[in-house]
Amino acid sequence: MIFCIKLYGSTFVLTSEGYKMSTVFIVDDEPDISFILSESFKSKGFDVIAFSDPAKLLSALDTITCHAIVSDIRMPQMTGIDLLEKVNGRSSSSNPKVFFITGFRDYTREQLIEKGAGGVFYKPYELNSVVGHVERYLN
């Protein structure tokens, strides 16, 4: 079981190894979007690792504890839907929840939630809404 606490504006996770900051992975093929999202999460006290390739994110899940993923849906290497399925198909008992950001309406919010997403934000979105939604999920 994982417990989260907020202390001095940072979100910490209580694990069997003690407290550590919550880690969010961000994956988007547009570097500017990744940068802006990363800075927004960092400003709220999260550890952030950004990826441009979903396959590299999946590899990192084998060695780095991640508490939430914020992903674009349309990416050239792999779709966010494929990423969600691969994350949810892992044998780990602590798979992170995947949240989507997208400029397209290929899927409704309900369809994405049904597939296991923690939420979806359609562009243009409020950065504070994305960060706040992930933060509420972790707390």
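Analyst: In this account, buried means under 20% relative accessible area, exposed means over 50%, and partly exposed covers the range in between (1.4 Å probe, protein chains only). The structure is a predicted model, in which local features need pLDDT of at least 70 and side-chain atom pairs count only at pLDDT 80 or more, while totals for chains, interfaces and linings use all residues. Residues are numbered from 1 along each chain as its sequence is written, and side-chain values use heavy atoms, with hydrogens and water left out.

User: Why does Arg90 count as partly exposed?

Analyst: Arg90 has 22% relative accessibility. That value falls between the two limits, so Arg90 is classed as partly exposed.

User: What makes the contact of Asp62 with Arg90 a salt bridge?

Analyst: A salt bridge requires a side-chain nitrogen of Lys or Arg within 4 Å of a carboxyl oxygen of Asp or Glu. The side chains of Asp62 and Arg90 meet at 3.5 Å, N to O, so the pair satisfies the criterion. Asp62 itself is exposed, with a relative accessible area of 62%.

User: Why is this pair said to tie together parts of the chain?

Analyst: Asp62 lies in the loop between helix 2 and strand 6, and Arg90 in the loop between helix 3 and strand 7, so the bridge joins parts 28 residues apart in sequence. Helices (H or I, at least four residues) and strands (E, at least two) are DSSP runs numbered from the N terminus.

User: How many salt bridges does the structure hold, and which residue pairs with Arg74?

Analyst: There are four salt bridges. In one of them Arg74 meets Asp106 at 2.9 Å, N to O. This pair links distant parts of the chain: Arg74 is in the loop between strand 6 and helix 3, whereas Asp106 is in the loop between strand 7 and helix 4 (109–114), 32 residues away. Arg74 is partly exposed at 39%, as is Asp106 at 43%.

User: What separates Lys42 and Glu39 along helix 1?

Analyst: The two residues are three places apart in helix 1 (residues 31–43), so about one helical turn lies between them. Their closest N and O atoms are 3.7 Å apart, and they form a salt bridge.

User: How do you know that Asp72 has no salt bridge?

Analyst: The nearest side chain of opposite charge, Lys123, is 4.6 Å away, so it fails the distance test for a salt bridge. Here Lys and Arg count as positive and Asp and Glu as negative, with His and the chain ends not counted. Asp72 is nonetheless buried, and it lies in strand 6 (residues 68–72). Beyond its neighbours within four places in sequence, Asp72 is in contact (heavy atoms within 4.5 Å) with residues including Asp28, Asp29, Phe100 and Thr102.

User: Why is the pair of Phe99 and Tyr137 called edge-to-face?

Analyst: Rings of Phe, Tyr and Trp (its six-membered ring) pair if their centres lie within 6.5 Å, and planes under 30 degrees apart count as stacked, over 60 as edge-to-face and the rest as tilted. For Phe99 and Tyr137 the centres are 5.5 Å apart and the planes stand at 70°, so both conditions for an edge-to-face pair are met. The pair is one of three aromatic pairs. Phe99 belongs to strand 7 and Tyr137 to helix 5 (residues 127–138), 38 residues apart. Phe99 is buried at 1%, whereas Tyr137 is partly exposed at 38%.

User: What makes Arg105 a charge over the ring of Tyr122?

Analyst: The criterion asks that NZ of Lys or CZ of Arg be within 6 Å of the ring centre and within 35 degrees of the ring normal. The charged end of Arg105 sits over the Tyr122 ring, 4.0 Å from its centre. Arg74 likewise lies over the face of Phe104, at 3.6 Å from the ring centre.

User: Which residues touch the most other members of the largest nonpolar core?

Analyst: A nonpolar core is a set of buried Ala, Val, Leu, Ile, Met, Phe, Trp, Tyr and Cys residues joined through side-chain atoms within 4.5 Å. The largest has 22 residues, and those touching the most other members include Phe25, Leu57, Ile69 and Leu83. Helix 3 contributes the most, with four residues. A second, separate core of 17 residues includes Ile33, Phe41, Tyr125 and Val131.
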